[in-house]
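Here are my comments on the model you sent over. The points are numbered so that you can reply to each in turn.

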Amino acid sequence: MLKSFDIYSQNNILKIIVALNLLLVGTGSLLYTDRLITKLEDREKQYVQLYANGIGYLFGSSHPDAGDLTFVTDQILQANTTIPAIYVNADGAVAFSKNIDDIPDGLTPEEKNQFLQRKKLEMRKKHKPLVVDLGDGQLGLVYYANSSLLRQLAYFPYALLTVMAALGVLAYLAFSSSRRAEQNRVWVGLAKETAHQLGTPMSSLMAWVEYMRSDPDQFDGSITDEIAKDVQRLETITSRFSSIGSVPTLKEENLNEVVQQFTDYLAKRISTKVKMTLASQLPPDKMVRINKLLFEWVIENICKNAVDAMKGVGELRLNIVALPHQEVAIDITDTGKGISKANMQKVFSPGFSTKKRGWGLGLTLAKRIVEEYHSGKLFVKSSEVGKGTTFRIVLNAS
Ligand SMILES: Nc1ncnc2c1ncn2[C@@H]1O[C@H](COP(=O)(O)OP(=O)(O)OP(=O)(O)O)[C@@H](O)[C@H]1O
Ligand SMILES: [Mg+2]
């Protein structure tokens, strides 16, 4: 059965809603700007038509009253300060141009002419040139392009979307970091409280063990030893909780030895049908800064999951690997049921468990211990459903 806290599914719904909104606003503003651009393009075309008419009046021959209107047409021609335009006369030569910002400096008249001819062809791709009636069947052409304002407007929806996406990411980061801070407080508080609560009965139990030891006639020595071992185990658990509840100290430890000792210890406690092996590439005396107690807890959690995944039968291999940049990895491989692609990230979420009695906390804790207390990494290195899984712990050994 699959369990997971509701907040995660709600969180996903929230993400979908935000993404949908972004999409809606994005396409909305794109469509709206598109309409706006079409309208403005129409208006600019009308303006260029006016401009072409003005040229016709000024330079055409068949307008006897052109002289009277010169000042008007002159003003129309002058007023165009935004729309790039090239006027080509009846001979097909560029007579003059307006608002073409990118003419390179220092061109000879011939080069400038060639440049404008090329520009004209470019303009024709977007807008059909407007005809200037010069009279006597003579026709000129005005080529034009969108004004810079219109060109900028085309970028507007993308700028808007970028800003919105950036805001979205910021909001998400703020939200998740505050959620993480809250989770941290819960973890630390819970761990401290547990250690504290266990402290009293523990010391009382230890006193009882001492008492039993002092009277071997009445209490069977071997039973006392067994109880002492259990008390010892409880003490380890208490210290783990207490160290996760405070800032744990790291110490240089011989990694090979620590893992070896701990796997020996674990091997005695898991099914004999699990074949456990350990191999290491590290030099025998390689030291790594870890908190031994917490690090063992990580290995224990991962190995226990591995044994569960194999239903107590299979192979469990631990491999200590030397990585470049002074990093070491501990790969823990099982021949169990594997993890589906969809669950690869979820296994680290608190509350995610596929087990009847699972709390779904083992890997969450392990990840916290590795990443926050040891500045390392813990992830599923590979997994195949029905074949097995490898978890990798990466530690910095410099
Ligand atoms: N080696 C593995 N192979 C296959 N699935 C795994 C393996 N390790 C973890 N999982 C999956 O990840 C889930 C979460 O593991 P996690 O250790 O966090 O919780 P749990 O084992 O279910 O409960 P507990 O809190 O008791 O550890 C498991 O329920 C299991 O579905
Ligand atoms: Mg577990």
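**Notes on the predicted model**

1. Start with P350. P350 sits in the loop between β9 (327-334) and α8 (362-373). This is a predicted model, so read every value here as computed from that prediction. Is P350 buried or exposed? P350 has a relative accessible area of 16%. Buried means under 20%, so P350 is buried. Its partner for a distance check is G360. The two are 10 residues apart in sequence, and their C-alpha atoms are 5.7 Å apart in space.

2. Next, the overall fold. How many helices and strands does the chain have? There are 8 helices and 11 strands. The radius of gyration is 39 Å, whereas the globule rule gives 21 Å for 398 residues. The chain value is well over that figure, so the chain is more spread out than a compact globule. The box tells you about the extents: along the principal axes, the C-alpha atoms fill roughly 140 × 40 × 40 Å.

3. Burial and contacts. Of the 398 residues in the chain, 36% are buried. Take the contacts with a separation of 6 or more: residues 24 or more positions apart account for 68% of them.

4. Surface and charge. The accessible surface of the chain is about 24,200 Å². Carbon and sulfur atoms hold 58% of that surface. The chain carries 47 positive and 42 negative charges. How far apart are the mean positions of the positive and negative charges? The answer is 6 Å.

5. The annotated domain. UniProt, in an unreviewed entry, gives "domain: Histidine kinase" for residues 193-398. In the model, that span is 43% helix and 24% strand. The end C-alpha atoms of residues 193-398 lie 35 Å apart.

6. The annotated membrane spans. Which residues does UniProt list under "transmembrane region"? The unreviewed entry lists 12-33 and 155-175. Residues 12-33 are 100% helix and 0% strand, with end C-alpha atoms 31 Å apart. Residues 155-175 are also 100% helix and 0% strand. The end C-alpha atoms of 155-175 lie 30 Å apart.

7. S29. S29 belongs to helix α1, residues 6-59. Its relative accessibility is 12%, so S29 counts as buried. What does S29 touch, leaving out residues up to four places away in sequence? The contacts are P157 and L160. P157 is 128 residues from S29 along the chain, yet the C-alpha atoms of the two are separated by 5.7 Å.

8. L161. L161 lies in helix α4, which covers residues 148-213. Relative accessibility is 26%, so L161 counts as partly exposed. Setting aside residues up to four places away in sequence, L161 touches L22 and G26. Y265 gives a contrasting distance. L161 and Y265 are 104 residues apart along the chain, and their C-alpha atoms are separated by 57 Å.

9. Two residues with positive phi. Phi of N99 is near 55°, a positive value in a residue other than glycine. N99 is placed in the loop between β2 (94-98) and α3 (109-126). D136 also has phi near 55°, again positive and again not in glycine. Where is D136? D136 is in the loop between β3 (130-135) and β4 (138-144). Its relative accessible area is 66%. Exposed means over 50%, so D136 is exposed.

10. K377. K377 is found in strand β10, residues 377-384. At 42% relative accessibility, K377 counts as partly exposed. Which residues does K377 touch, not counting those up to four places away in sequence? They are E327, V370, E371, R392, I393 and V394. A195 is not in that list. K377 and A195 are 182 residues apart along the chain, with their C-alpha atoms separated by 26 Å.

Key. Residues numbered from 1 in each chain as written. Chains lettered and ligands numbered in written order. Predicted model: local features only at pLDDT ≥ 70, side-chain atom pairs only at ≥ 80, totals over all residues. Heavy atoms only, no water. Helix = DSSP H or I, 4+ residues; strand = E, 2+ residues; numbered from the N terminus. Rg over C-alpha atoms; globule rule 2.2 N^0.38 Å. Buried < 20%, exposed > 50% of the residue type's maximum accessible area, 1.4 Å probe, protein only. Contact = heavy atoms within 4.5 Å. Areas by Shrake-Rupley, 256 points an atom, 1.4 Å probe, with all protein chains shown as cover. Lys, Arg positive; Asp, Glu negative; His and termini not counted. Charge placed at Lys NZ, Arg CZ, Asp CG, Glu CD. UniProt positions renumbered as here; feature names shortened; annotations may be inferred.
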